[in-house]
Amino acid sequence: MQQTPTVPEARAFAVRSRTDLGEPILSVRGLKTHFVMDEGTVRAVDGVSFDVHPGEVVGIVGESGCGKSVALKSVLRLIQKPGRIVAGEIMYRRPGRNGARPELELDLATLPPLGRRIRQIRGGDIALIPQEPMASFSPLHTIGDQIVEAIRLHDPMSVADARKLAIAKLREVGMPSPEQRFRAYSWQLSGGLRQRAIIAMALSCNPAILVADEPTTAIDVTTQAQVLQLLRVLQQEHGSAIVFITHDLGVIAQLADHVVVMYLGRVMEQGPVRSIFHTPRHPYTRALLQSVPSVHSEARVQLPTIAGGIPHPLYRPPGCPFHPRCPDAMPGTCDVRVPAMVDDGSGQPVACFLHHDVAEADDGA
Amino acid sequence: MIAPPPAKGDAGSAVYVAPAWKMTWWRFRRHKLALVCLWVVGFITLIALMPEFFATQDPFATSARRAYIPPQTLQLTHEGRLTWPFVYGVEGQRDPRTLRMEWVADQETRYPLQLFVRGFPYRLFGLIPTDRHLLGFADTPPGATPNLLGTDRLGRDQWSRLMYGTRISLSIGLVAVAISTVLGILLGGISGYYGGLTDNLIQRLIELLQALPPIPIWLALSAALPRTWPVTWVYFAITVILALLGWTRLAREVRGRFLSLREEDFVVAARLVGASQGRIIFSHMVPSFTSHIIAAVTLAIPLMILNETFLSFLGLGLRPPAISWGVLLQEAQNLQSVVNAPWLLIPGLFVIVTVLTLNILGDGLRDAADPYSS
Amino acid sequence: MAPETTPLPAARPIARSADATGVDESRAPLLEVRNLRKHFPIKGGFLQRTVGLVKAVDDVSFKVFDGEILSLVGESGCGKTTTARCVIRAIDPTSGEVLFRRADGDVVDVAKLRDKQLRPIWRDMQMIFQDPFGSLNPRKNLLDIIGEPMFVQGVRSRQKRMDRVAELLNLVGLRPEYMHRYPHAFSGGQRQRIVIARALTLEPRLVIADEAVSALDVSVQAQILNLLLDLQRRLELSYLFVAHDLSIVKHISHRVAVMYVGKVVELARTDALFTRPKHPYTSALLAAVPVPDPDQRAALQGLPGEVANPAAPPPGCYFHPRCPFAVEVCKHEPPPLREVEPDHFVACHRAEELTLDGIGELESALRPRPDVPGATPEAPPPAPPDVPTPPSREVPS
């Protein structure tokens, strides 16, 4: 009889509470990103607010068309025409050394999208882990060269130093024999190793915030587990904040401290991960949680579902975007006014008239 | 998974029940420049269909005394006032030293433009005898009909010749493309659908044909045509030569479509319900790429037109008395005529406009060809 | 040749055996796959000679009973989709038998049939595809799409087809008026309903669902799962359900076959497989699933190494280079799939001696958890000392 060998880093990964985490390093307020097209305006992100505290893992969850990806791209100022940030601020506070006052406060939404400032922040302060690791490396250059280039772009140092740093980063993300992989091309690596190389590149400039766009969607479940575990360990060791988007509630539950639930370009509800999972306040969050089968739930029973489908982005319903599918919608209220995001002190702000009566000031703007 | 727009009265439902050609048209319509080009191409096609109606004179009628008359352009103002369009008459004076005819506008004689006038008799579409023409001029003395685009070396009216040339040049392009389309779809389809050895053979043939240098081949083949052949035979021979060398690109396109469609789930699904091979090809696969083929064909026509122009310009394609744009440009082959009679280059302008509009139209069609990708 | 166009029975009573799964295994199986193999040649060189073989499906055997949902589960490249497509002859298997019991009781080997002979088989066996956008011809309306199986099987009367299509649309939860619309008028979930309707047109008894809900959004996925389960009960269908999502497999299937590099490594009743897996790979898969409960945060275990290359698999058990329990025999001898417990088949030399974690153990190992945030074994990183109070969450209105 042999027991399962326990994994060396089999430690629990606790949920961090916001009370310990200090002032937010990223505050998104009233962000609106619209795409003006011939057929009409798609309000992909339409009034989104959330905070990222130092060392916190924020998970943005939502189904397709909820604007989570556009919101993330807006923060990095990677929105391309016909898209445009039409309102809101993205306040970034670069933390000072040893927890001193922020040495830099900057509204990223006001920077020219192609300018030098944003390019320094992108990759240096805020690094992106893209969804598709294959497409993120050039097949013509070794991954080592590309990481060295990324390092030297943000931090002038000799090639030899950058090379050392790059190998150290590759070792840190658990790349086996990093000196050899340094000379490998991306297409020579398996999906999991490629994802590790991408993370090493993102970490190479010691970013304050790591932004991950569906980091585990394109990979298999056993590889996904490794990547999630890696992100957790790195996060604990570096203390950088992570903002990631996903549609997978399991990934949210395993990785996030704070959860932002989005639907049709608006935040429905946000709060600590436990509250979101145990005491969801918004009908959408509740329905979303119930509609996922789990390996623990009873088999072959009818799953609770959300009626209908996600509306076409050009034809957003008036009022609360969720009201046509909401079991608790109140006619005359939910289909007329847009609920504002209100925190009643519970730390779990919700945009729903079942909980308060505050409507968005600039309805339909 | 995004739901489509909800029904908004009839407009929404119209989109829901719109078949593919309608979706393609709606998409094409958004490309404004291509839409303009569609009109231009339509107009050129109309000219090609009934050049006699647009011609003002018999394009074959020579008049040695009226050689190299410069264009008698339409005037819209007379003595500073806007009037009905007219042209000035011309008077020929021989230069006493060079002994060349110099044509000067005669401000005294004015020939007002007229529409739907009677002129030389012809058969519309080769069937209906008539003598109506779109344009004409009032009060013209016999033998001195104004020449809108001037005359050539033999005193033939260039406007009328250009109209006739449109028919030949455009139809050679269309017929050659039609033949190569049939060849391309047939061979490309066989190659893509069956694969294996057939595919291998056809692909090698295509590679061989594409490796042949086209210009010497055309030259050789055209030179091999007997000089004694009548004009119509030469016309068909040139068309066939162009088509035989031009089908390869289309065949590759069709093969590629077949290869990718064969793996599409909806084609597999059709097979799994027991649909026959013919049904799968003609009911599922072919409609999926007809619009791509139309776009490819539209883009192939200007190439064929250029090829014909090129061959005829070198004297290896059509030969007088046939009239094509290439034959017309042959008149402007030497420097002397270009200096003395620059209007002989106008057919070149026509070629450029036609090729450009067809290319833009083809681009627009290609963009609209798959209305389901957003 | 005309198929039955009689109205579908609303809810036939399910033939239940004593067994709780509702599957009658005493009868002959509806489908029996024996030693199925599918090898794809690797062509190389100037002359396109075959230089190797990808053994996408390598000696796979399983049975599907009447009214049963059998899932094929595994990671990408494990051959589950290829297996399913070989069963319905969307692709031709290299060798093996696909024994299908027809409605009249005759058993035919689908793998040996010629194209012409397959047509009647396809009335009994249909397929649902993964991509709801690629599996519907955008140039045909619903009447033509859903009615096509009837048309090619010989129903020429348009009225008959319209009646049947209306009935099917009702069955899958779409309005019959939609039959003149084209697929672009529908969302992903609705399209998947259309795909299901088409598969049901000829009243099949076996439906092969190839990742049928993988491409759908969470909220829509639940709707389609419900529909599939409902249809299975009402029409007494059997499903061969191909999926990679273990939660969905657990939810829908009676029995599960786990595949790894073209082979079935474990085949058992769903509950047995999830609670008491006997193959280390199954256990590793289960451990890797992120549990949607923030109170159950365990160290997520991946698997070391990489999936074996199906063109050059390792000798012995294909899983041995990644297996934490591998011993000498695993490196040389390929383990056969054998029945270690009633109805529990495992391809592992050490199946009897290993006790592996299933989801049950995982659950109990993790509970109880302190409910107070911060009281968890690993303390969160300390906050910067000079920020005494957390900022209140201001939310613009």
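The legends below describe close-up views of a predicted model.

**View 1. Cysteines of chain A without a disulfide.** Over all chains, the structure holds 0 disulfides. Cys320(A) is one cysteine that takes part in none, and the nearest cysteine sulfur belongs to Cys334(A), 6.0 Å away. A disulfide needs two cysteine sulfur atoms within 2.5 Å, so a pair at 6.0 Å does not count. Cys320(A) is buried, with a relative accessibility of 8%. Cys205(A) is buried too, because its relative accessible area of 19% falls under the 20% cut-off.

**View 2. Ala361(A) and a residue 24 places away in sequence.** Ala361(A) sits in the segment that comes after helix H11 (283–290) of chain A. Is this alanine, Ala361(A), buried or exposed? Ala361(A) is exposed, because its relative accessibility is 67% and the term applies over 50%. Arg337(A) is separated from Ala361(A) by 24 residues in sequence, while the distance in space between their C-alpha atoms is 9.5 Å.

**View 3. An open sheet in chain B.** Four strands of chain B form an open sheet in the order E1-E2-E3-E4, and their pairing is antiparallel. Strand E1 (75–78) and strand E4 (128–137) of chain B are the edge strands, each pairing on one side only. On average, neighbouring strands of this sheet are turned by 60° against each other, direction ignored. In general, the strands of a sheet pair through backbone hydrogen bonds, in either a parallel or an antiparallel sense.

**View 4. The pairing of E1 and E2 in chain B.** Here the view is limited to one pair of strands from the sheet. How many bridges join E1(B) and strand E2 of chain B? E1(B) pairs with strand E2 (residues 81–94) over 3 bridges, in the antiparallel sense. One residue pair can be picked out by name: Gln75(B) has Phe86(B) in E2(B) as its bridge partner.

**View 5. Thr298(B) in a helix of chain B.** Thr298(B) belongs to helix H11 (residues 277–313) of chain B. Thr298(B) counts as buried because its relative accessibility is 9%, and the cut-off for this term is under 20%. Which backbone oxygen lies 2.6 Å from a polar atom of the Thr298(B) side chain? The backbone oxygen is that of Ile294(B). Leaving aside residues up to four places away in sequence, Thr298(B) touches Leu358(B), Leu361(B), Gly362(B) and Leu365(B).

Methods: Residues numbered from 1 in each chain as written. Chains lettered and ligands numbered in written order. Predicted model: local features only at pLDDT ≥ 70, side-chain atom pairs only at ≥ 80, totals over all residues. Heavy atoms only, no water. Buried < 20%, exposed > 50% of the residue type's maximum accessible area, 1.4 Å probe, protein only. Helix = DSSP H or I, 4+ residues; strand = E, 2+ residues; numbered from the N terminus. Pairing = 2+ DSSP bridges. Axes fitted to C-alpha atoms, helices over the stretch in contact; angles between N-to-C directions. Polar contact = N/O pair within 3.5 Å; in protein donor to acceptor, adjacent residues only side chain to side chain. Contact = heavy atoms within 4.5 Å.
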